[in-house]
Amino acid sequence: MDVFPDFALTLVSWISSGAMIFGGVVPYIPQYLDIQRKKSTEGFSTHVCLVMLIANILRILFWFGHPFEWPLLLQSILLIMAMLLLLRICTLYPADHDLVTQPRHFVDFEWPYFWRWSHFRDYVQFLASFAITMVMLTALLVPFTFYVELLGFCALITEAMLGAPQFYHNFRNQSTAGMSIKMVCCWLSGDVFKTGYFLVKQTPPQFY
């Protein structure tokens, strides 16, 4: 008599884990398709990609010091891949205000043009530099609990600022044209689902 309830609980657990793994990517699909259709990133802040990439790189490193559930680790890996794809199409179709007369590169180290580089490879170079630096630092400090916990909270705080770049972008332009409303709705519904998932699974506080 107990077989069916156990099977149902297992099925629900698998479905929720699958939703957690792939659900993080879903909000960015409408934005990607909008950019592809309009051939312009007008209205979308590429700093959203920066926030998500930094947050998930830190979260993956946090896993090595404080292992958490595999679905959450896989979600971070998929989100990094998704953000790279989104960044790539953004460099192919830059917004009008990001067009420059001469190419800008990461190795130029010009602060006014940070995250406004001309080519996708420049973003990859910055992310590789950041990731390598953090990997080396984490390899040295992972035995220290304070560092590991701080790493997790930095990932949490960074991800919590996800909406800030888009809000500032819209405020500066005095318009939301070009921003996918579906993306924002998916952010909201996704956060509600993740909060419930974290509570049920009793994940580390660095995820709340």
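**Entry 1. A bridge between two helices**

I began with the side chains of Arg59 and Glu159, which meet in a salt bridge with N and O 2.6 Å apart. I then looked up where the two partners lie: Arg59 belongs to helix α3 and Glu159 to helix α6, 100 residues apart, and the pair thus links distant parts of the chain. I note at the outset that the model is predicted.

I next asked whether Arg59 is buried or exposed. Arg59 counts as buried, at 4% relative accessibility. I found that Glu159 also counts as buried, at 16% relative accessibility. For this class the cut-off is under 20% relative accessible area.

**Entry 2. The other salt bridges**

How many salt bridges does the structure hold? I recorded three. Side chains of opposite charge can pair when their charged atoms come close.

I looked up Asp34, which forms a salt bridge with Arg37; their closest N and O atoms are 3.3 Å apart. Both residues lie in helix α2, three residues apart, about one turn of the helix. An α-helix has 3.6 residues a turn, so residues three or four places apart point the same way. I noted that Asp34 is buried, with a relative accessible area of 18%, whereas Arg37 is exposed, at 58%.

I then turned to Glu110, which forms a salt bridge with Arg104, with 3.2 Å between the closest N and O atoms. Glu110 counts as partly exposed, at 32% relative accessibility, and Arg104 is buried, with a relative accessible area of 12%.

I followed Arg104 further and asked over which ring its charged end sits. The ring is that of Tyr113, and the charged end of Arg104 is 3.9 Å from its centre.

**Entry 3. Aromatic residues**

I looked up the aromatic pairs and found 15 in the structure. One of them joins Trp111 and Phe114, whose rings are stacked with centres 5.3 Å apart and 15° between the planes. Trp111 is exposed, with a relative accessible area of 69%, while Phe114 counts as partly exposed at 22% relative accessibility.

I then asked why the pair of Trp115 and Tyr123 is classed as edge-to-face. The planes of the two rings stand at 90°, with the centres 4.8 Å apart, so the pair is edge-to-face; the cut-off for this class is over 60 degrees. I noted that Trp115 and Tyr123 are both buried.

I also recorded one aromatic cluster, formed by Phe106, Phe109, Trp111, Phe114, Trp115, Trp117, Tyr123 and Phe126.

**Entry 4. The nonpolar core**

I looked up the largest nonpolar core, which has 44 residues. Those with the most contacts inside this core are Tyr28, Phe44, Met83, Leu86, Trp115 and Phe126. I found that at least two core residues come from each of α2 (28–38), α3 (47–65), α4 (70–92), α5 (120–141), α6 (145–160) and α8 (181–201). Which helix gives the largest share of this core? I recorded α3, with 13 residues.

I then examined Phe126. Leaving aside neighbours within four places in sequence, Phe126 is in contact with Leu50, Ile54, Phe106, Phe114, Trp115 and Trp117.

**Entry 5. Thr91**

I located Thr91 in helix α4. Thr91 counts as buried, at 17% relative accessibility. Not counting residues up to four places away in sequence, I found that Thr91 touches Ser118, His119, Phe120 and Tyr123.

**Entry 6. The two faces of α7**

I looked up helix α7, residues 163–173, in which Pro165, Gln166, His169 and Asn170 are buried. Why do the buried residues line one face of the helix? Seen down the axis of α7, they fall within an arc of 130°, so they line one face. On the other side of α7, I noted that Phe167 and Phe171 are exposed.

I continued to Gln174, which follows α7 and has a positive phi, near 55°.

**Entry 7. Lys182 and Pro27**

I closed with Lys182, which lies in helix α8 and counts as exposed, at 60% relative accessibility. I looked up the separation of its C-alpha atom from that of Pro27 and recorded 7.0 Å, although the two residues are 155 residues apart along the chain.

Notes:
Residues numbered from 1 in each chain as written. Predicted model: local features only at pLDDT ≥ 70, side-chain atom pairs only at ≥ 80, totals over all residues. Heavy atoms only, no water. Core = buried A, V, L, I, M, F, W, Y, C linked by side-chain atoms within 4.5 Å. Buried < 20%, exposed > 50% of the residue type's maximum accessible area, 1.4 Å probe, protein only. Helix = DSSP H or I, 4+ residues; strand = E, 2+ residues; numbered from the N terminus. Contact = heavy atoms within 4.5 Å. Salt bridge = Lys/Arg side-chain N within 4 Å of Asp/Glu carboxyl O. Phe/Tyr/Trp six-rings, centres within 6.5 Å; stacked < 30°, edge-to-face > 60°. Lys NZ or Arg CZ within 6 Å of the ring centre and 35° of its normal. Arc of directions from axis to C-beta.
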